[in-house]
Each structure stands twice: as C-alpha cells, then as structure tokens.
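Please find below a colleague's note on the structure shown here. The points are numbered for ease of reference.

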Amino acid sequence: MNCPKCHNIMHEIHFEGVVVDFCDACKGIWFDEDELAFTTELSTDIPNISEVEKDARTTEYACPRCGSQQKLQEMKFVPVEALLIDRCPQCKGVWIDKGELPKIEVIAARIGDSKSKIMLTCRQLSTKGYEILEMKA
Ligand SMILES: [Zn+2]
Ligand SMILES: [Zn+2]
C-alpha cells in the first residue's frame, strides 16, 4: 500500500491482530476501520462521527486502501479537539499525520502507562525503528 500523502511504500506492522500501516517517509499512519478504536481503546474510531462529518472537508488525497473514487475527508477527531484526521467515506479507514496521535486526549493520557494498547503499539513500532509518538524525555 502506498502513502496517500507522499506515495511512499508503507510498512505493515502486525500487532495483536491489527495491521497498522506506517509511512517511513512522512511518518503518517493508516488505520483500517475499527483499528483506531482498538488502539485508543475507545468504543468507536471517531467519537461523534455524525457531528464532525457535517463539517468535513474533501481533500485531494485518494484512499490508499480501497481506491474509492471519493477522496479522503478531513474532519476533526472530536468536535472540540484541534486534531484533524482524514477518513475514507467508503472503507472508513483513518489517516493520521505525523505527531497527531498524542493530540488524542485519551492517548495522551495513556502515554507512560506501559499496559495500554497505545504504548504496546508504540513499543512494537519502535523495535522496528519507527517512533510514532514524539515522547518528551
Ligand atoms: Zn508518507
Ligand atoms: Zn477507502
């Protein structure tokens, strides 16, 4: 699969039954439907999807997964947060740019909790040489 933003070949990281696709060039991450929820340990990929979808903006980027004719849609992760994600209207996959993951409050709260899924995922990624969270020392 190629990165929707820089078209680099993405690396698949297999982790506890999910496959996260990571771009080594721009450091963005692709989550298929339900994989983001798995990682954040929330019940759904995007909380308040019906609300944030109303203000979504169509981007120039094609979905890297399903090749839908519809472009990715940029929307807020939750109405009040600054984090913007890109979502495919067809396969419901989610793209997160470099450095954006820690903006997800629930993830930020779990940084440092060694048992959380996000920290396990990060550790798995870092053993392969990818740092997805820019952790402060
Ligand atoms: Zn990229
Ligand atoms: Zn798609």
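The points that follow take up confidence, the zinc sites, the nonpolar cores, one helix and several individual residues.

1. Confidence. The model is predicted. The protein has an average pLDDT of 86, and 96% of the residues reach at least 70. Confidence is highest in strand β4 (residues 57–62), at 97, and lowest in α3, at a mean of 73. As a general caution, where pLDDT is low, the predicted coordinates should not be read in detail.

2. First zinc site. The zinc ion (ligand 1) is held by the SG atoms of C3, C6, C23 and C26, at 2.2 to 2.3 Å. Along the sequence, these donor residues follow the spacing C-x2-C-x16-C-x2-C. The angles among the four donor atoms run from 101 to 124°, and the site is tetrahedral. Two of the donors may be described by accessibility: C3 has a relative accessibility of 1% and therefore counts as buried, whereas C6, at 34%, counts as partly exposed.

3. Second zinc site. Which residues coordinate the zinc ion (ligand 2)? The donors are C63, C66, C88 and C91, each through SG, at 2.2 to 2.3 Å. Their spacing along the chain is C-x2-C-x21-C-x2-C. The arrangement is tetrahedral because the four donor atoms subtend angles of 106 to 115°. Among these donors, C63 is buried, with 5% relative accessibility, while C66 is partly exposed, with a relative accessible area of 29%.

4. Main nonpolar core. The largest nonpolar core comprises 25 residues, and those with the most contacts inside it are F31, F77, I85, I96, L101 and I104. At least two residues of this core come from each of β1, β2 (18–22), β3 (29–31), β7 (94–96) and α4. The element that gives the most to this core is α4, with four residues. A second core, separate from this one, has eight residues, including M10, C23, L72 and C88. Two of the residues named there are also zinc donors: C23 coordinates the zinc ion (ligand 1), and C88 coordinates the zinc ion (ligand 2).

5. Contacts of I104. With neighbours within four places in sequence left aside, I104 is in contact with T40, F77, E81, L83 and I96. Of these partners, F77 and I96 are listed with I104 among the residues that have the most contacts inside the largest nonpolar core.

6. Helix α4. The buried residues in helix α4 (residues 117–127) are I118, M119, T121, C122 and L125. They lie on the same side of α4, because they cover an arc of only 160° around the axis. In general, an α-helix has 3.6 residues a turn, so residues three or four places apart point the same way. The buried residues of α4 pack against β1 (11–15), α1 (35–40) and α3 (105–110). Since α3 has the lowest confidence in the protein, at a mean of 73, the packing of α4 against α3 may be inspected with the general caution in point 1 in mind. After α4 comes G129, which has a positive phi, near 90°.

7. Positive phi outside glycine. K27 is not a glycine, yet its phi is positive, at about 65°. K27 is located in the loop between β2 and β3, and a relative accessibility of 31% means that K27 counts as partly exposed. N48, also a residue other than glycine, has a positive phi near 55°. The loop between α1 and α2 (49–54) contains N48, and N48 is partly exposed, with a relative accessible area of 42%.

8. V18. Is V18, a residue of strand β2, buried or exposed? V18 is buried, with a relative accessible area of 10%. Apart from residues up to four places away in sequence, V18 touches I13, E35 and F38. The C-alpha atoms of V18 and Y61 are separated by 24 Å, and the two residues are 43 residues apart along the chain.

9. P102. The loop between β7 and α3 holds P102. P102 counts as partly exposed, at 25% relative accessibility. Between the C-alpha atoms of P102 and E51 the separation is 22 Å, with the two residues 51 residues apart along the chain.

How values were computed. Residues are numbered from 1 along each chain as its sequence is written. Chains are lettered from A and ligands numbered from 1 in the order in which they are written. This is a predicted model: local features need pLDDT of at least 70, side-chain atom pairs count only at pLDDT 80 or more; totals for chains, interfaces and linings use all residues. Side-chain values use heavy atoms; hydrogens and water are left out. Donors are N, O and S atoms within 2.8 Å of the metal (3.2 Å for Na, K and Ca); water is not among the atoms, so sites may look incomplete. Four donors count as tetrahedral if all angles lie between 85 and 135 degrees; four count as square planar and six as octahedral if opposite donors are over 155 degrees apart and all others between 65 and 115; anything else is irregular. Buried means under 20% relative accessible area, exposed over 50%, partly exposed in between (1.4 Å probe, protein chains only). The arc is that of the directions from the helix axis to the C-beta atoms. Contact means heavy atoms within 4.5 Å. pLDDT is the predictor's confidence in each residue, from 0 to 100. A nonpolar core is a set of buried Ala, Val, Leu, Ile, Met, Phe, Trp, Tyr and Cys residues joined through side-chain atoms within 4.5 Å.
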